[in-house]
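Please open the model in your viewer and keep the selection tool at hand. The stops below each suggest something to select and then describe what is found there.

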Amino acid sequence: MGEIMVLIARADELAQLNSALDDCVSGKAGIVLVSGAVGCGKSELADTLAERAAARGALLLRAIGTEAERDLPLGVLGQLTLGAPAGALPSPDPADGAAAERVEAMQGFCAAVHRLSATAPVVVCVDDMHRADELSGRYLLHLARHARPARILLVLTESVHERSDDPHFTTELLRQPNFVRIRLERLGRDAVAELAQGGGADPERLYALSGGNPLLLRALAEDPGPEAGGAYSQAVLTCLHRCGRATTELAEGLAVLGRGTAEAAAQAAAQLLGITAASAAQGIAALGAAGLLDGGGFRHPAARRAVLDRLDPAGRLAMHRRAAELAHRAGAPAPEVARQLLAARDTAQDWALPVLRAAAEQLLADGAAERAAACLELAHEAAPDEDQRAALRLRLSAIARRTAPGAAERHLAEPLAAARAGRLPPPRMGPLARLLMAHGRIDEAGEVLDRLSAVSGAPAATPSAALDEAVCTLDPLDGLSAFPGWSARGPARQPRPAGHPGAIRHPAAFWALPDSADSGSAAAAADRFLRGASLSDGTLEPILQAVRVLLHLGGPQRAVPWCETYADEAVRRTAPGWQAAFSGLHAEALLRQGDLTGAEATAAAALDAAAMPERGASVLLTGIAGTLIRARTAMGRPESAAAELSRPVPEQLAASVHGLGYLRARGQYHLATSRFHAALGDFLDIGRLMKRWHLDRPLLLPWRTDAAEALLRLGEAHQAERFIADQLTARDAADPWVCGITLRLRAELRDPKERPALLAKAVDQLRGSGDRFELARALADFALALKECGEPARANMVNRRAWHLAQECGAEALRERILPGHTGEAAAVRAESTPPALSAAAELAARLSESERRVAMLALHGHTNREIAHKLYITVSTVEQHLTRVYRKLNITRRQDLPMDLQLPAGEFV
């Protein structure tokens, strides 16, 4: 790329050098000074000229000025002498300073070069002339003054940002009539675009990273990332090395300070490094001309990181410490001061802790949760007492909920341990209990509340005002006060021993459903609340609760859009922790709809997110894993479910609301793998916890039907009936979903002749519940019952519908149970009763009236004409007429041929 870069971007400059070389060969001496910013190709241009001179038979004498030899008299001249034939050039003794400085010595050197030019053109090339020793410069200047009669070309390169110690040198060169000055600038956008052609790189990005500096461009060709420590970083350090020590020190100061305008950076760097503002401004201009800076900061973080990494660690910390002091003294914003404190790991100053706290809140408001947490972590390290450390840990937990649920939960360990040891001040107990409750850690939240009530010394019936105030800080449901029947205090706690404070909110209240008998009005209130709620730290808990209310009381189909909306909002706010919470609810809602495939994909995506590496450290993520396990178990993938169950779980899971879902998932896995006793144990544990926490609502988790199913597999029909009867008398028994799944199980306990009626009712209930998977299970049982009762044609039709529903859900295990050995759709439709391929659902719906579709759908679910008439409040004759028209419109002759993709009218379950 270097050769191409020189040829493309430096054509005019090369033409000037070629012209000077032509003049030299023809007998006309010349002086060329190539100047430019560091890295802009001065040495490459000189190398190109040297190659062409050698090709034309010229004698090439080369030298390079270095910082190490800057104080070595005649160091550059000695390098030139080594390039000449042995003995052709005199070698003045630098030890004999007086002799070396005599005009006679300079004349002798000049005469020797003239003698060499008589046999071949002589090209004297000195790179980085600004670093040459003063005495060599005087020799070269003498040669420049007296080179005109000979074939001598003097080519010098210098950096525009570092001047020679002898300002007289360049001035004298300018006075020579054969002098040519070539100024190399950084490459423009057009040149960079030309260089990028065919390489696949974005020209604008290349220019933005390099500023048109050829050296940086070549490095980017090798290191397009660019990566820390890669070619780009090395090129940056090379540029700085060539700039000299003063400019390098300025670059180090700028790297410590960070970005800013050139003017502000110059002022800050001058204070930091103890130099004049003019010197800092001159250095910044030099680095900007080289393309290293954009304004007062480095063009890319990799460049800044490279400069910082080369600093001595102790010196670097000291610079950051001084930068923090200067920023604080100048009244800089708290995040800016905190950035320097973090880099210095310094909290020794009295003002450091308040600044870190203020910075954390400002950063959090700007959406920079991770940086806010870093500020509080540093503040925690220097907190002087238990109270401040606890306050910082609690705030860290609240902040970490945005990004890492596992970290948020771990932050509670220290204040919880302090509370158990009696060291946590009472004002911190309320917030601690609130956070524990928000994480679903019910027992631990209750333990903290018990300690708070004990410390308050309040009477049993009337807690003290201080205790009441602390407990009120736990209430995340204030925004939902419009929910009908929602007690502001939530369910009462269990009876306590005499003398124990009793009027304390139960920590499970946040997870409870409203007490209203009208679930529809509660769901409507939740929906109204969500329409006006904006996601933030303060509204997260009420929004989550409102979504759960919709999920359990309003139907999962109403919760799904809100889950998606708030998950997307969390992504926009760079809050993967919040995203996980809403994605977990989304997966649960999909599972509740019977969409096993969607639930599995959503839960897996939430757990596999890059920001969720510690799944075993979070009760929230373990709860989402429970949804994943349930979906995979129902899909007929026990191996995948077992792999998920083998992962470690946090110790706090057993006392957490999220542990209920995980226990149910494990129990259903045990049920599917014939470990019925283990399954029953998990379901009974759920029941005990839900009763203790006053969350025993089948709409939240129907553990009784789960336990009854395990008992049925164990042959304990009597015990199973007790659990079923309890659920059918529970407060949620009228809900279609609860009623449907319970009646399906009750049918297994009845005489075969009684089962069809119970299962038909279960199908009716589940058809309106939104759960396609449970409906498919009920239909499969219904078909079996019809077959046992001697109705094979009707059983086949119902079985076909069950198979198709199971296929829609992704329930492979259920499909296999319905039609063992058949996996293709064609196998689900009996060959002797299946008409040719039918039209799509939309086309069918256009053919049938709404009444005809209702009748056809009920017939498709196995109902007789009389049952259909009873359900729709019409006569049997009307049913028969509707079916006759349906058969004619669909070109079929019997109900067994009704298409599986037939849909109900809008608003009813499909």
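In this predicted model, begin with helix α13 by selecting T247, T248, L250, A251, E252, G253, L254, A255, V256 and L257, which are its buried residues. Because ten of the 13 residues of α13 are buried, the helix is largely enclosed by the rest of the structure. A check on its geometry is available as well: at 1.5 Å a residue, the 13 residues should span 18 Å, and the end C-alpha atoms of α13 are indeed 18 Å apart. Just beyond the helix, select G258, whose phi is positive, at about 90°.

Next, add helix α15 (residues 277-289) to the display beside α13 (residues 245-257), and look at how the two pack, with their axes 10 Å apart and at an angle of about 90°. An angle between 65 and 115 degrees counts as roughly perpendicular, and α13 and α15 are therefore described in that way. To see the contact itself, select T247, L250, A251 and L254 on α13, together with A280, G283, I284 and L287 on α15.

Now move toward the N terminus and select helix α2, residues 11-25, where the 15 residues should span 21 Å at 1.5 Å a residue, in agreement with end C-alpha atoms that are 21 Å apart. Which residues of α2 are buried? They are E13, L14, L17, A20, L21 and C24. Viewed down the axis of α2, these buried residues fall within an arc of 120°, so they line one face of the helix. Just after α2, G27 has a positive phi of about 105°.

The next stop is the largest nonpolar core, which has 82 residues, and in which L530, I543, V547 and F582 touch the most other members. Helix α40 (residues 772-788) supplies the largest share of this core, namely ten residues. Centre the view on L530 and, leaving aside residues up to four places away in sequence, look for its contacts with I543, A546, V547, L550, W562 and Y566. A second core, separate from this one, consists of 49 residues, including A235, A266, F298 and M319.

Finally, zoom out to the whole protein, which has 47 helices and seven strands. Of its 910 residues, 55% count as buried. Among contacts between residues at least 6 apart in sequence, 67% join residues at least 24 apart.

Definitions and conventions
Residues numbered from 1 in each chain as written. Predicted model: local features only at pLDDT ≥ 70, side-chain atom pairs only at ≥ 80, totals over all residues. Heavy atoms only, no water. Helix = DSSP H or I, 4+ residues; strand = E, 2+ residues; numbered from the N terminus. Expected span 1.5 Å × (residues − 1). Buried < 20%, exposed > 50% of the residue type's maximum accessible area, 1.4 Å probe, protein only. Arc of directions from axis to C-beta. Core = buried A, V, L, I, M, F, W, Y, C linked by side-chain atoms within 4.5 Å. Contact = heavy atoms within 4.5 Å. Axes fitted to C-alpha atoms, helices over the stretch in contact; angles between N-to-C directions. Parallel < 35°, antiparallel > 145°, perpendicular 65-115°, else oblique.
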